[in-house]
Amino acid sequence: MLGKLARQHDPNVLVGFDHADDAGVYQIAPDQALVQTVDFFTPIVDDPYTFGQIAATNALSDVYAMGGHPLTALALVCFPDKADLAILERILAGGLSKMVEAGCTVIGGHSIRDDETKFGYAVTGLVHPKKILANGGAQPGDALILTKPLGTGVISTAIKNGKAEQAWINAAVQSMTTLNKQAADLISKKQYRVHAMTDVTGFGLIGHAREMARASNVAFRLFSKDIPILPGALECIRAGQVPGGLKANREFAECTVGYEAPIDSELKTLLFDPQTAGGLLVSIAEADGKQLLLELRTGGIAAHQIGIVTESHKPLISIY
């Protein structure tokens, strides 16, 4: 809808909504730019404190995905008029715990009464104008690295329907409450030739890969056997625990995909799963990719190289 509005022309806007990037970037000094993002959603787990942690982790992720570091946050709250305020207190406490971990200061917020609980943050960070990691810039020959496994969408759906096993829940919650801070710090090291980066969230792996490939005028080749998957994710799909967002993602983006090898139907489905607080998708010079992978794994981050970047061609995304 933003694309239908009159365009504002401001030379200080370094990243707007033109390429569906993760956050906006606005230059305020020769060596400083603001990174601004906002995200909020309905509960996806039963525990209020954990929900707050997940919402904060998810909101912070877009700042890390731009190569920035978060400074301040404003809480966004929708809460039922007659609900127990102790629940809201736990949600806010969970969110604050992750903001403290990120070194990001909560300086206020806004709340309204609503029939359905919703929670998240507007986050502001800083980045050097010459060190922005946008979703455009991937180069042929780059390695594609993903820092978290897929499956939070289908597992969250199974949780809502009482069909998720505890081990699946534990693994998904661990993923959704792990900040991308450590991964982003390693990725942003000066010696690594990182050409583009995004985080894999609501549009799923294929949706965000599509955005990165289109913004970079390249194509992607993904290797299905190397894509990391959360425990229980494929079982959830077999059981029909598929969120509406996944179906919408698939309807929108599958036209850009070519399946070049036999791939299980469950994995095909999972490629479109909307992630909450998902991992970073990094396009890095091939010569630097192995060292980055080693550093990430040494730091306890379950990163995988899931593909390579090629010259632009159709299909935009080939899966082997």
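**Exercise 1. How far apart are the mean positions of the positive and negative charges of the chain?**

*Solution.* Start with the source of the coordinates: this is a predicted model. Next, take the two groups of charges, 27 positive and 33 negative. Their mean positions are 3 Å apart.

**Exercise 2. Work out whether the chain is as compact as a globular protein of its length.**

*Solution.* Begin with the secondary structure: the chain holds 10 helices and 13 strands. Its radius of gyration is 19 Å, and the globule rule gives 20 Å for 320 residues. The two values are close, so the chain is as compact as a globular protein of that length. For a view of the outline, the C-alpha atoms fill a box of roughly 55 × 55 × 45 Å along the principal axes.

**Exercise 3. Describe the surface and the contacts of the chain.**

*Solution.* First, the accessible surface comes to about 14800 Å², and carbon and sulfur atoms account for 53% of that area. Then turn to burial: 51% of the 320 residues are buried. Finally, take the contacts between residues at least 6 apart in sequence; 85% of these join residues at least 24 apart.

**Exercise 4. Is Ser 318 buried or exposed, and which residues does Ser 318 contact beyond its neighbours within four places in sequence?**

*Solution.* Locate the residue first: Ser 318 sits in strand E13, which covers residues 317-319. Its relative accessibility is 4%. Buried means under 20%, so Ser 318 counts as buried. With neighbours within four places in sequence set aside, Ser 318 is in contact with Phe 220, Arg 221, Leu 222, Gly 258, Glu 260 and His 313.

How values were computed:
Residues are numbered from 1 along each chain as its sequence is written. This is a predicted model: local features need pLDDT of at least 70, side-chain atom pairs count only at pLDDT 80 or more; totals for chains, interfaces and linings use all residues. Side-chain values use heavy atoms; hydrogens and water are left out. Helices (H or I, at least four residues) and strands (E, at least two) are DSSP runs, numbered from the N terminus. The radius of gyration is taken over C-alpha atoms; the globule rule is 2.2 Å times the number of residues to the power 0.38. Buried means under 20% relative accessible area, exposed over 50%, partly exposed in between (1.4 Å probe, protein chains only). Contact means heavy atoms within 4.5 Å. Accessible areas come from the Shrake-Rupley method with a 1.4 Å probe; for residues, only the protein chains shown count as cover. Lys and Arg count as positive and Asp and Glu as negative; His and the chain ends are not counted. The place of a charge is taken as NZ of Lys, CZ of Arg, CG of Asp or CD of Glu.
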